[in-house]
Amino acid sequence: MAAGLHLLRYCADGHLEIDNNAAERALRCVALGRKNFLFAGSNAGGERAAAMYSLIGTAKLNGIDPEAYLCNVLARIANHPINRIEELLPWNIELPKIHVTPEP
């Protein structure tokens with residue numbers, strides 16, 4: 001019964017995806033690297049790795065080349081005031097946009 005309601009909702013709204021392949025592809029790198037995360041060295045190392053993955057993923061979602069973004073931020077962050085740190089977020093930095101092609 002519930003599946004029928006979901007199918008009706010899918011048919012009524014053209015914006016809905018019929019599957020969650022896009023979300024699964026986005027998480028694929030996390031699943032592939034799961035064993036590597038065990039060797040972060042410490043809890044603090046794991047937290048730093050998680051922060052880096054978050055920054056890289058956010059840059060990608062905003063259409064920014066992650067390497068260019070990190071180079072830009074690392075060059076500026078030492079002299080940047082902490083009360084204006086939001087200026088360094090990916091959506092607040094003007095960098096060339098990358099063209100993302102959908103994976104099959």
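The overall architecture of the chain is described here, followed by the second largest pocket and the residues that line it.

In this predicted model, the secondary structure of the chain amounts to five helices and zero strands, so that, read from the N terminus, the elements follow the order α-α-α-α-α. The chain comprises 104 residues, of which 13% count as buried, a class that here requires a relative accessible area under 20%. The exposed surface of the chain comes to about 8,800 Å², and 61% of this area is supplied by carbon and sulfur atoms. When contacts between residues at least 6 apart in sequence are considered, 42% of them join residues at least 24 apart.

The second largest pocket has a computed volume of about 190 Å³. Two helices, α4 (residues 43-61) and α5 (residues 66-76), each provide at least two residues of its lining, and the greatest contribution is that of α5, with four residues. Listed in sequence order, the lining begins with Met 52 and Leu 55, continues through Tyr 69, Leu 70, Val 73, Leu 74 and Ile 77, and ends with Ile 85, Leu 88 and Leu 89.

In terms of residue class, the lining of this pocket consists of 10 nonpolar residues, with no polar and no charged residues. Tyr 69 is included in the nonpolar group because tyrosine is assigned to that class under the scheme applied here, alongside the leucine, isoleucine, valine and methionine residues of the lining.

Key: Residues are numbered from 1 along each chain as its sequence is written. This is a predicted model: local features need pLDDT of at least 70, side-chain atom pairs count only at pLDDT 80 or more; totals for chains, interfaces and linings use all residues. Side-chain values use heavy atoms; hydrogens and water are left out. On a 1 Å grid over the protein atoms alone, a cavity is a set of points where a 1.4 Å probe fits but cannot get out, and a pocket is an open set with protein on both sides within 12 Å along at least five of seven lines; lining residues have an atom within 4 Å of a point. Grid points are joined across faces, edges and corners, and a volume is the space filled by probe spheres set on the points. Buried means under 20% relative accessible area, exposed over 50%, partly exposed in between (1.4 Å probe, protein chains only). Contact means heavy atoms within 4.5 Å. Accessible areas come from the Shrake-Rupley method with a 1.4 Å probe; for residues, only the protein chains shown count as cover.
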